[in-house]
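Dear colleague,

I am handing over the structure we spoke about, with the sequence and the coordinates placed just below. Please look through it once by yourself, and then read on for what was found in it.

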Amino acid sequence: MELGTGPPATLLLKLSGILSRTNSDPILVLDNACGGGNVTLKLFEALGENTSGVQVICGDSSMGMVDIARNRIEKHGWDAEARGINCLVRPVPLRPRSDLG
């Protein structure tokens with residue numbers, strides 16, 4: 001899985017600007033169509049210890065993929081959650097934790 005999605009995930013994160021943030025202002029990241037959570041993996045690897053204020057929602061319409069992402073989140077102890085999301089429904093039902101403002 002990571003061999004095919006790793007390089008594009010890394011490029012996506014670089015282009016987003018999230019890796020060059022210079023403060024710990026809270027941010028909410030939606031890893032839409034997350035699959036097994038590879039973009040989230042690359043995000044947390046790249047941020048290293050600089051994850052203060054970063055919350056990630058891994059969303060996928062496949063509950064099998066959500067389960068894989070959830071297991072990965074638990075294994076690594078990330079500040080993230082995995083949930084089933086149908087992004088064809090508007091508005092997308094995202095509610096960040098209240099401690100992020």
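To begin with the nature of the model: it is predicted, with a mean pLDDT of 82 for the protein, and 82% of its residues reach 70 or more. Among the elements, helix α1 (residues 2–16) has the lowest mean pLDDT, at 78, whereas α3 has the highest, at 95. Where pLDDT is low, the predicted coordinates should not be read in detail.

As for the overall fold, the protein has three helices and three strands, and from the N terminus on these elements run α-β-α-β-α-β. Of its 101 residues, 35% count as buried, and the accessible surface comes to about 6,100 Å², of which 56% belongs to carbon and sulfur atoms. Among the contacts with a separation of 6 or more, 71% are accounted for by residues 24 or more positions apart.

The interior comes next. In soluble globular proteins, nonpolar side chains tend to be buried together. Here the largest nonpolar core has 17 residues, and those that touch the most other members are L43, V56, C58, I73, W78, A80 and A82. The elements that give two or more residues to this core are α2, β2 (54–60), α3 and β3, with α2 giving the most, namely four residues. If you would like one residue from which to explore this region, L43 may serve, since its contacts, leaving aside neighbours within four places in sequence, are with L13, I18, L19, V29, V54 and V56.

W78, one of the core residues just named, also takes part in an aromatic pair, and a search of the whole structure finds one such pair. A pair of aromatic rings is described by the distance of the centres and the angle of the planes. The rings of F44 and W78 have their centres 5.1 Å apart and their planes at 5°, and because planes under 30 degrees apart count as stacked, this pair is a stacked one. The pair links distant parts of the chain, as F44 lies in helix α2 and W78 in the loop between α3 (63–76) and β3 (80–84), 34 residues apart. Both F44 and W78 are buried.

T51, in the loop between α2 and β2, can be viewed together with that pair. Apart from neighbours within four places in sequence, T51 is in contact with R21 and F44, while the C-alpha atoms of T51 and W78, which are 27 residues apart along the chain, are separated by 9.0 Å. T51 counts as partly exposed, because its relative accessibility is 26%, and partly exposed covers the range between under 20% (buried) and over 50% (exposed).

Another residue of helix α2 (residues 38–47) to look at is V39, which also counts as partly exposed, with a relative accessibility of 23%. Not counting residues up to four places away in sequence, V39 touches A9, L12, L13 and D31. For V39 and A9, the distance from C-alpha to C-alpha is 5.1 Å, although the two are 30 residues apart in sequence.

Finally, the charged side chains. Side chains of opposite charge can pair when their charged atoms come close, and this structure holds three salt bridges. In one of them, E45 and K42 meet at 3.8 Å, N to O; these two are three residues apart in helix α2, so they are separated by about one helical turn. In another, D67 and R70 meet at 3.1 Å, N to O, and here too about one helical turn separates the partners, because they are three residues apart in helix α3. D67 is partly exposed, with a relative accessible area of 38%, and R70 is partly exposed as well, with 30%.

The side chains of R83 and E81 also meet in a salt bridge, at 3.1 Å, N to O. Are its two partners buried or exposed? R83 is buried, because its relative accessible area of 18% falls under 20%, whereas E81, with 29%, is partly exposed.

With kind regards

Methods:
Residues numbered from 1 in each chain as written. Predicted model: local features only at pLDDT ≥ 70, side-chain atom pairs only at ≥ 80, totals over all residues. Heavy atoms only, no water. Buried < 20%, exposed > 50% of the residue type's maximum accessible area, 1.4 Å probe, protein only. Contact = heavy atoms within 4.5 Å. Phe/Tyr/Trp six-rings, centres within 6.5 Å; stacked < 30°, edge-to-face > 60°. Core = buried A, V, L, I, M, F, W, Y, C linked by side-chain atoms within 4.5 Å. Areas by Shrake-Rupley, 256 points an atom, 1.4 Å probe, with all protein chains shown as cover. Salt bridge = Lys/Arg side-chain N within 4 Å of Asp/Glu carboxyl O. pLDDT = per-residue confidence, 0-100.
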